[in-house]
Amino acid sequence: MVLDMINIVKPFKVLDVKEEIDGGQGVNFEVSKTEYTDEDKTTTRTVTMNSYISVPNGEDVDTYLFNYLNAGGWV
């Protein structure tokens, strides 16, 4: 599936991108999500994660990161 990342509100922020030895890109990022803490859905908490991912050479950073976070339940 090809996503048009220009029209998507990204739930993550790319903090830093650096070229890796293999030609890929190393990406430091931050992602947040809000979740309910009770069954009545009256109380929420926000969870934030800062992490690093290697994006293969030739891949779009935003699309790759979005798909990675989606598979992990962050989106």
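Strand S2, covering residues 25-36, runs antiparallel to S3 and is joined to that strand by 12 bridges. The model described here is a predicted one. Within this pairing, glutamate 30 finds its bridge partner in S3 at asparagine 50. The wider arrangement is an open sheet of three strands, with antiparallel pairing and the order S1-S2-S3. Strand S1 (12-19) and strand S3 (44-55) form the edges, and each of them pairs on one side only. From one strand to the next, the twist averages 15°. As general background, the strands of a sheet pair through backbone hydrogen bonds, in either a parallel or an antiparallel fashion.

Attention can now turn to the nonpolar side chains. In soluble globular proteins, nonpolar side chains tend to be buried together. Here, the largest nonpolar core has 11 residues, and readers following along in the structure can pick out Phe12, Val27, Phe29, Val31, Ile53, Val55, Val61, Leu65, Phe66, Leu69 and Trp74. At least two residues of this core come from each of S2, S3 and helix H1 (61-71). Helix H1 gives the most, with four residues. Valine 61, one of the core residues, offers a handy place to look at the packing in detail. Leaving aside residues up to four places away in sequence, valine 61 touches Val14, Gln25, Val27 and Val55. Of these contacts, Val27 and Val55 are also listed in the core.

Charged side chains add a further set of links. Side chains of opposite charge can pair when their charged atoms come close. A search of the whole structure finds two salt bridges. One of them is formed by lysine 10 and aspartate 62, whose closest N and O atoms are 2.8 Å apart. This pair connects distant parts of the chain, with lysine 10 in the segment before S1 and aspartate 62 in helix H1, 52 residues apart. Lysine 10 is partly exposed, at a relative accessible area of 34%.

The other salt bridge pairs glutamate 35 with arginine 45, and their closest N and O atoms lie 2.6 Å apart. Here the link runs between strand S2, which holds glutamate 35, and strand S3, which holds arginine 45, the two residues being 10 residues apart. Glutamate 35 is partly exposed, with a relative accessible area of 22%. Arginine 45 is also partly exposed, and its relative accessible area is 47%. Strands S2 and S3 are thus linked by this side-chain pair as well as by their 12 bridges.

Note on methods
Residues numbered from 1 in each chain as written. Predicted model: local features only at pLDDT ≥ 70, side-chain atom pairs only at ≥ 80, totals over all residues. Heavy atoms only, no water. Pairing = 2+ DSSP bridges. Axes fitted to C-alpha atoms, helices over the stretch in contact; angles between N-to-C directions. Core = buried A, V, L, I, M, F, W, Y, C linked by side-chain atoms within 4.5 Å. Buried < 20%, exposed > 50% of the residue type's maximum accessible area, 1.4 Å probe, protein only. Contact = heavy atoms within 4.5 Å. Salt bridge = Lys/Arg side-chain N within 4 Å of Asp/Glu carboxyl O.
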